[in-house]
Amino acid sequence: MDQFLAKTPNPLLSITKDGIVNYSNDAAEPLLREWGVKIGENLPPNITDLVQRVISLNSPEKLDVKAGNRVYLVVFSPLPKKECVNISGFDITEHRECEDKIRKNAEKYSHIIYTTQDSNITEGKQAEEALFQSEQHYRLLYETMLQGVVYQDASGKIISMNPAAERILGKTSSELLGSSSVGEEYHTIREDGSEFPGLEHPAMVSLQTGQKVQNVVMGVYNPREKCYRWINISAVPLFRSGEDKPFQVYTLFEDITERKHMEEQTRLRAQELETIMEVVPTPILINHDLEGYNITGNRIANEFYRAEVGENISASVPKGGRFFYKGKELCADELPVQQAAKKNIDLRNVELEALLPSGKRRIITVSASPLYNTEGQVRGSVGSFTDITERKKAEAKLEETFENLENMVKERTSELENAYKSLKESEKDLAEAQRIAHIGSWKWNLLTDKISWSDEMYRIFGLKPQEDISLDKILNYIHPDDRDYLLGVHQESLKGKKLSGPIVFRIISPDGETRVIHGHSEVIFNEENKPVQIRGAGQDITENKKAEEDLRKSKEQYQSLFNSISEGFANCKAIYDDHGTLCDLLILDINPAGARISGAEREAQIGKTMREVGPDVEGYWFEAYKKVDQTGKSIQFENFGNMPGKWFTVRIDRIEKGQFAIMFRDITQEKEAKEALAKYEIAKKKEIHHRIKNNLQIISALLDLQAEKLKGRTNISNSELLNAFKESQDRIISMSLIHEELYRGGGTDKLNFSSYIGKLAENLILTYRVGNKDISLDMDLEENTFFDTDTAIPLGIIINELVSNSFKHAFQGRDKGKIKIRLQRDENRESKSKGYSSNAYILSVSDNGVGIPENIVIENLDSLGLQLVTSLADQLDGKLEIKRSNGTEFTVKFTVTEKE
């Protein structure tokens with residue numbers, strides 16, 4: 001229909017009550033230029049006033065408009081229900097030119113005839129010759145012109161008429177000459193069908209007033225064709241020189257019957273288009289320009305946007321909505337309707353998120369196609385969209401439920417795994433989203449029994465467009481079980497019975513596929529209340545029906561899983577008090593396993609609150625539920641229930657705001673087994689540390705006995721060999737002390753290293769303090785520093801070697817000295833990563849003894865102790881540094897990485 005209007009050669013426009021140009025075809029471009037406006041802009045004030053007067057009086061009006069070198073008769077037709085006006089234009093340029101020629105010739109002849117009597121003979125001859133030549137031209141024009149011309153005398157009687165007038169009026173000159181408009185009223189009618197009084201005919205009015213009468217539309221009965229012909233009449237009075245009353249009048253009229261029929265056809269087609277736009281259950285958008293600045297919609301589209309009829313709902317206007325595609329906000333010219341016009345392409349089922357001016361977010365799928373003018377150029381586009389927000393919410397909610405269920409039943413029995421796989425299979429079927437329904441329109445002329453379908457209707461039935469369609473052919477494609485139903489609805493509609501809702505039926509396409517159709521129809525009755533036409537629309541909802549069936553099966557499978565799993569599962573709703581505190585939970589549902597675990601009958605819990613079922617429930621439970629409700633993040637924890645006296649693992653998931661899914665499992669036996677195993681492990685570790693300590697002490701005692709035995713021999717001096725035995729004994733004691741600390745610490749794998757260093761230092765002082773030397777040991781240790789054996793043993797041996805070395809070598813020739821052990825954290829080098837933390841430490845052992853000379857390279861010394869220190873520092877991934885000023889200071893920087 002829109003393509004038909006665009007190709008119509010006559011100007012057509014649609015104007016809102018506020019004077020805004022809502023629609024214009026290509027032929028109306030000269031009028032828009034004359035008025036200086038474009039689509040979407042306001043008409044000049046005088047035209048706007050005329051539009052509002054036509055709507056107010058609900059009466060059409062006409063106006064001559066000169067646009068360039070053309071003259072148009074413009075008809076303003078009101079549409080009260082839409083509060084707008086349709087404008088139809090007709091090119092009457094030639095009509096006006098002929099009219100002016102006839103008028104000028106008539107005036108010229110009249111002047112010549114009635115002035116020649118006062119002229120001299122020569123002038124008379126010249127006038128007669130001029131008159132003769134003019135009469136020849138006038139007669140030729142008079143006889144051949146397409147417009148009818150009638151001359152009437154002062155009384156209104158017809159004295160002359162041209163052949164065109166005879167043809168248009170359907171009578172010969174002999175039948176009409178001498179007759180008058182008065183008394184012929186039954187032959188003429190007005191546009192509204194009423195009689196047109198003879199005295200009000202344009203010629204009679206012109207004779208009475210002496211004024212021109214222009215552009216009067218009249219219906220004249222043509223006896224030859226036995227029908228009324230519509231003519232547009234103008235009357236011009238003729239005066240004799242010096243007289244103020246006309247002695248004749250001539251009328252010029254044009255046959256506009258075909259134009260009237262075209263106007264009526266255009267009006268009906270426009271009405272049909274408006275009806276279709278209002279009937280189809282889908283929002284439709286019309287883009288009236290290439291830029292997409294002016295977009296209007298049908299009733300459903302306006303309801304979606306909360307817009308008035310004819311209101312511009314383009315995304316380009318300030319209050320237009322915002323649109324997003326895959327999270328990215330689109331500019332106005334990136335939207336499908338604008339893209340279709342801009343790129344001359346068809347777009348189908350583009351899914352967008354819309355943020356409407358009201359603040360609501362909706363998810364829609366949009367399809368759009370370009371519109372063309374009479375030259376085949378793109379002039380705009382048309383689009384439709386479907387709101388799938390609720391469907392998306394349902395899919396998301398179902399998907400969320402399935403995902404939560406997947407997490408809760410993971411690593412369970414093989415039976416539960418099979419059930420879960422089945423559930424995922426159903427989810428996959430349901431996730432194959434329902435396609436946007438195709439909509440077709442149709443019309444059935446009951447008078448001619450002709451049925452016409454849109455191309456989409458053919459595609460829905462699986463037929464080729466433009467195939468001949470009849471009721472019998474349609475019934476062949478209707479499912480046999482639905483034919484009687486459809487025929488019954490059809491008969492009831494023809495009786496004037498309104499349908500309570502849409503009709504749903506099945507069809508079988510030529511390839512044997514059964515499809516489900518959702519239809520609307522409307523019966524049109526004539527003034528005699530007889531049905532003359534049926535119009536309607538059909539939508540393919542097969543995919544929707546399949547999705548509904550899949551959803552039903554999924555719910556059944558979910559219920560089966562709900563009832564069969566061995567874990568407890570409950571669905572609860574939050575209860576908040578007046579202060580916004582979550583104070584209780586209403587149990588909406590609980591599965592059989594949950595009722596069994598909680599120790600109460602299922603029927604006794606559903607519909608009750610948690611405090612009613614378990615009065616002693618602890619308050620921190622409700623804090624956990626409130627946190628989940630506020631953040632939406634799931635919580636999983638272990639808890640001891642006082643009422644059943646059991647341990648549980650509990651997982652809380654938020655289904656929606658204020659509603660939870662709770663999965664719980666009895667782990668009492670597992671808990672007791674773990675506790676028993678933990679106690680056994682602790683006792684086992686203590687025993688191991690105790691045995692290691694005893695064995696190391698035995699080795700130390702054996703070394704001591706061996707040293708004593710060697711000491712008594714005469715051929716062995718108290719030198720290197722005895723010192724080696726002593727150093728080995730000290731190293732073993734340092735390790736023995738570690739296992740002694742671990743044993744006292746309860747069998748754990750970590751020891752308090754600060755306490756261990758203190759005992760190690762005491763042992764070294766007792767070992768190396770000889771004579772009267774006053775050598776003190778000063779310690780600055782980080783409190784509560786715990787290391788595991790992999791770190792503690794290397795550090796203990798390093799401290800043993802460095803302190804022993806100071807005692808033996810730093811204070812030779814001195815009576816006093818100080819040894820200092822320092823262990824501190826280095827917070828500047830500490831760091832954290834996912835699941836791990838790295839703590840940095842600095843261990844330093846220093847003395848104020850004689851020091852090590854600068855020319856001695858530590859790495860080159862043959863000392864086993866210092867080589868051992870270097871090796872153990874590397875083992876700790878540490879860095880060893882030596883300072884030689886004011887004695888000697890050894891520093892080891894190392895990092896301990898622990899799992900959080």
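Here is a guided walk through this predicted model, from its overall make-up to its sheet, cores and salt bridges.

Let's begin with the whole chain. The protein has 900 residues, and buried residues make up 44% of them. Its secondary structure comprises 26 helices and 36 strands. If you look at contacts between residues with a separation of 6 or more, 54% of them join residues 24 or more positions apart. The protein exposes about 49100 Å², and carbon and sulfur atoms supply 49% of that area.

A good place to zoom in is an open sheet of 5 strands. Their order is β2-β1-β5-β4-β3, with antiparallel pairing. At the edges sit β2 (21–24) and β3, each of which pairs on one side only. On average, and ignoring direction, neighbouring strands in this sheet are turned by 25° against each other. For a closer look at one pairing, follow strand β4 (residues 70–79) and strand β5 (residues 84–91), which run antiparallel and share 8 bridges. Within that pairing, S77 has N86 of β5 as its bridge partner.

Helices lie against this sheet as well. Helix α3 (residues 45–57) lies across β1, β3, β4 and β5, and runs at about 40° to β4. Helix α9 also packs on the sheet, where α9 touches β1, β4 and β5 and makes an angle of about 45° with the direction of β4.

Now pick out a single residue of the sheet. I15 belongs to strand β1 (residues 12–16). Is I15 buried or exposed? I15 is buried, with a relative accessible area of 0%. Setting aside residues up to four places away in sequence, I15 touches I20, V21, L43, V51, C84, V85 and I87. You can place some of these partners on the elements already described: C84, V85 and I87 fall within the residue range of β5, while V51 falls within that of α3. Another useful landmark is P78: P78 and I15 are 63 residues apart in sequence, yet their C-alpha atoms are 9.7 Å apart in space.

Next, turn to the nonpolar cores. In soluble globular proteins, nonpolar side chains tend to be buried together. The largest nonpolar core here has 39 residues, and the members that touch the most others are F753, F787, L823 and F894. Several elements each supply at least two residues of this core: α24 (753–768), β30, α25 (789–809), β32, β34 (836–847), α26 (864–875) and β36 (888–899). L823 shows what the surroundings look like from one of these members. Leaving aside neighbours within four places in sequence, L823 is in contact with F753, F787 and F894, and its other contacts include I757, L781, Y841, I842 and L843. The list of L823 contacts also includes D780 and E782. A second, separate core holds 22 residues, among them I451, W453, I517 and I534.

Finally, let's trace the charged pairs. Across the whole structure, a search finds 29 salt bridges. Which residue meets E191 in a salt bridge with 2.6 Å from N to O? That partner is K62. The pair connects distant parts of the chain, with E191 in the loop between β8 (188–189) and α8 (202–209), K62 in strand β3 (residues 61–67), and their positions 129 residues apart. Both residues are partly exposed: the relative accessible area is 40% for E191 and 32% for K62.

E191 has a further partner in K260, the closest N and O atoms being 2.7 Å apart. This pair also links distant parts of the chain, since K260 lies in helix α9 (residues 257–279), 69 residues from E191. K260 counts as buried because its relative accessibility, 18%, is under the 20% cut-off. E191 therefore has one salt-bridge partner in β3 and another in α9, two elements you met at the sheet.

The D780 seen among the contacts of L823 forms a salt bridge too, with R822, and the closest N and O atoms are 3.7 Å apart. D780 is in strand β30 (residues 774–781) and R822 in strand β32 (residues 816–825), 42 residues apart. D780 is partly exposed at 30% relative accessible area, and R822 is partly exposed at 33%. Elsewhere, salt bridges that share partners join R362, D387, E390 and K393 into one network.

Conventions
Residues are numbered from 1 along each chain as its sequence is written. This is a predicted model: local features need pLDDT of at least 70, side-chain atom pairs count only at pLDDT 80 or more; totals for chains, interfaces and linings use all residues. Side-chain values use heavy atoms; hydrogens and water are left out. A salt bridge is a side-chain nitrogen of Lys or Arg within 4 Å of a carboxyl oxygen of Asp or Glu. Helices (H or I, at least four residues) and strands (E, at least two) are DSSP runs, numbered from the N terminus. Buried means under 20% relative accessible area, exposed over 50%, partly exposed in between (1.4 Å probe, protein chains only). Contact means heavy atoms within 4.5 Å. Accessible areas come from the Shrake-Rupley method with a 1.4 Å probe; for residues, only the protein chains shown count as cover. Two strands pair if DSSP finds at least two bridges between them. Axes are lines fitted to C-alpha atoms, for helices over the stretch in contact, and angles run from 0 to 180 degrees between N-to-C directions. A nonpolar core is a set of buried Ala, Val, Leu, Ile, Met, Phe, Trp, Tyr and Cys residues joined through side-chain atoms within 4.5 Å.
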